[in-house]
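Q: I have a protein chain to look at and no idea where to begin. Could we go through its features one by one?
A: Gladly. Open the sequence and the structure side by side.

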Amino acid sequence: MAKRTSAAAARWGAGDSGALEILELLAAQAPLQEIDEVLLRVHDRGASADELARIHRAGRLGRTVHGLLSGRRRRELDLAALIETSRDLMGACDVDGLLRVVAQRARQLLDVDVAVVTLLTSKDGDSVVRASAGVTNSFHTGIQMTGGRGIGAVVRATGAPFWTSDYLTEPDIDHDPALDAMAAREGVRSVLALPLHHEGGSVGVLYLGQREVRPFEPAEVALMGSLTDLAAVAIDKAQWVELYNAEVAKLEEHSALAMETIETERRLEALRDHILGLALSARGLAALADEVGILLDGEAMVRDHVGTVVAGRSTAFPTVPRPAPSPRPPVLLDGGVWQASIWAGTTWLGHLLFRPRTPLPPEGERILAYTAQASALGLRMRAGEARVIAPY
């Protein structure tokens, strides 16, 4: 290894210059390799035993400080990544989009090959894959996973993370052959699984997999624990947003139906006034028969209580029996003819018959009922009577 003279060595000379150089390197956040180089240079120049003891102690302390500083920088980076992840999670308003963010961020933060998020579908522990990242062969979205066995069962039972450096040979797991086969197809060796907690219970599991043997460090497990805590809060928020949006959609649908109903009622009310106006016109029942034929695309006829055709053509309709002894809604007879009985109070005055060319619209029966009511006025005006005609 090439020798070099540091600024500290030039300024301080022999003695404690190596220790001071180590301090300068720590202050400059230099790589750990440069501290080792200082120790080599001290050895090479034939330092005394006391000086070597001091420089080695300084090296050990330097390594410790370097490790502490590196750990702090790593925690700062992890914290910054978690803050950025929390923003992404809070910005996702649907559960599936949120879980995709969780899978992608978890894979990036821990630098693993595969990340999978499952949510429970039953009290027995059955679950479904809702999001994945880095998957090539198995664990795609929508894959069903049976509960009760596998690493997920351990996590749900304990409520704590579980990790293994070699999943397929892990003795502390009740292996599920189907899950093992999926892991083998994916080439996963090391697995870290963490529960997704919500309202005191587990609602799912975050799985992280590596395609080589890898021990997961406690700091990495803690980092993923923080991520799953953020995810649980975001899932709760997203579920409430989905519920709120569903309720809003229902209210909008009900509001649209109500407005449509109001508009239909207004239109039918105007049509009823129009039909009554025709009954009072000079043409009377003939005008009513023509109008209902136009409105409902068919042919109409009015018969009085003795069977006389007072509007329309008699040849187009069969003879029908008198109705039940009280007013009834229009009915469809054999042959496709509609019959609407004409009543004045409890007195039967005749029939309105209608043969449509096309199926009646939803409001067709109400239009026939309005026409029958108007026909009662027309029949009374035609008879020129003020008294009630007795039923036969």
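**Reading cavities, strands and single residues**

A: Start inside. G125, S127, M145, T146, G147, R149, G152, R156, L179 and Y207 line the second largest cavity. Keep in mind that this is a predicted model.

Q: How much space lies in the second largest cavity?
A: About 40 Å³. By the rule used here, there are two cavities of 30 Å³ or more.

Q: How do the residues lining the second largest cavity divide into nonpolar, polar and charged?
A: Sort the lining by residue type. Here three are nonpolar, five are polar and two are charged.

Q: How much space lies in the largest cavity?
A: About 210 Å³. Its lining has 14 residues. F139, I151, A183, V191 and Y207 lie nearest the centre. Y207 also appears in the lining of the second largest cavity.

Q: How does the lining of the largest cavity divide by residue type?
A: Sort again. There are 12 nonpolar residues, two polar ones and no charged ones.

Q: Which elements each supply at least two residues of that lining?
A: Now map the lining onto helices and strands. Strand 1, helix 6 (151–158), helix 7 (177–186) and strand 6 each do so. Strand 6 gives the largest share, three residues.

Q: How many residues of strand 6 are buried?
A: A residue counts as buried when its relative accessible area is under 20%. Strand 6 covers residues 201–210, and seven of its 10 residues are buried. The strand is mostly covered.

Q: In what sense do strand 5 and strand 6 pair, and over how many bridges?
A: To read a pairing, look for the sense and the bridges. Strand 5 (residues 190–198) pairs with strand 6 in the antiparallel sense, over nine bridges. Within this pair, L194 stands opposite L206. Strand 1 (residues 114–120) also pairs with strand 6 in the antiparallel sense, over six bridges. There, V116 stands opposite Y207.

Q: In what order do the five strands of the open sheet stand?
A: Read across the sheet, not along the chain. The order is 8-7-11-10-9, and the pairing is antiparallel.

Q: Why is one side of strand 8 and of strand 9 left without a neighbour in the sheet?
A: Strand 8 (309–311) and strand 9 (331–332) stand at the edges. Each has a single partner strand, so one side stays without a neighbour in the sheet. Strand 7 (residues 298–304) pairs with strand 8 over two bridges, in the antiparallel sense. R303 has V309 of strand 8 as its bridge partner.

Q: Is V292 buried or exposed?
A: Check the relative accessible area. For V292 the value is 2%, so this residue is buried. V292 sits in helix 9 (residues 285–296).

Q: What does V292 touch, leaving out residues up to four places away in sequence?
A: Skip the sequence neighbours to see what the fold brings together. V292 touches D297, A300, F354, I367, L368 and T371. Take F354: 62 residues separate V292 and F354 along the chain, yet their C-alpha atoms are 8.5 Å apart.

Q: Where is P356 found?
A: In strand 11 (residues 347–356). P356 has a relative accessible area of 21%, so it is partly exposed. Leaving out residues up to four places away in sequence, P356 touches D297, G298, G336 and W338. The C-alpha atoms of P356 and A300 are separated by 8.5 Å, with their places 56 residues apart along the chain.

Technical notes: Residues are numbered from 1 along each chain as its sequence is written. This is a predicted model: local features need pLDDT of at least 70, side-chain atom pairs count only at pLDDT 80 or more; totals for chains, interfaces and linings use all residues. Side-chain values use heavy atoms; hydrogens and water are left out. Two strands pair if DSSP finds at least two bridges between them. Helices (H or I, at least four residues) and strands (E, at least two) are DSSP runs, numbered from the N terminus. Buried means under 20% relative accessible area, exposed over 50%, partly exposed in between (1.4 Å probe, protein chains only). On a 1 Å grid over the protein atoms alone, a cavity is a set of points where a 1.4 Å probe fits but cannot get out, and a pocket is an open set with protein on both sides within 12 Å along at least five of seven lines; lining residues have an atom within 4 Å of a point. Grid points are joined across faces, edges and corners, and a volume is the space filled by probe spheres set on the points. Ala, Val, Leu, Ile, Met, Phe, Trp, Tyr, Cys and Pro count as nonpolar, Asp, Glu, Lys and Arg as charged, and the others, Gly among them, as polar. Contact means heavy atoms within 4.5 Å.
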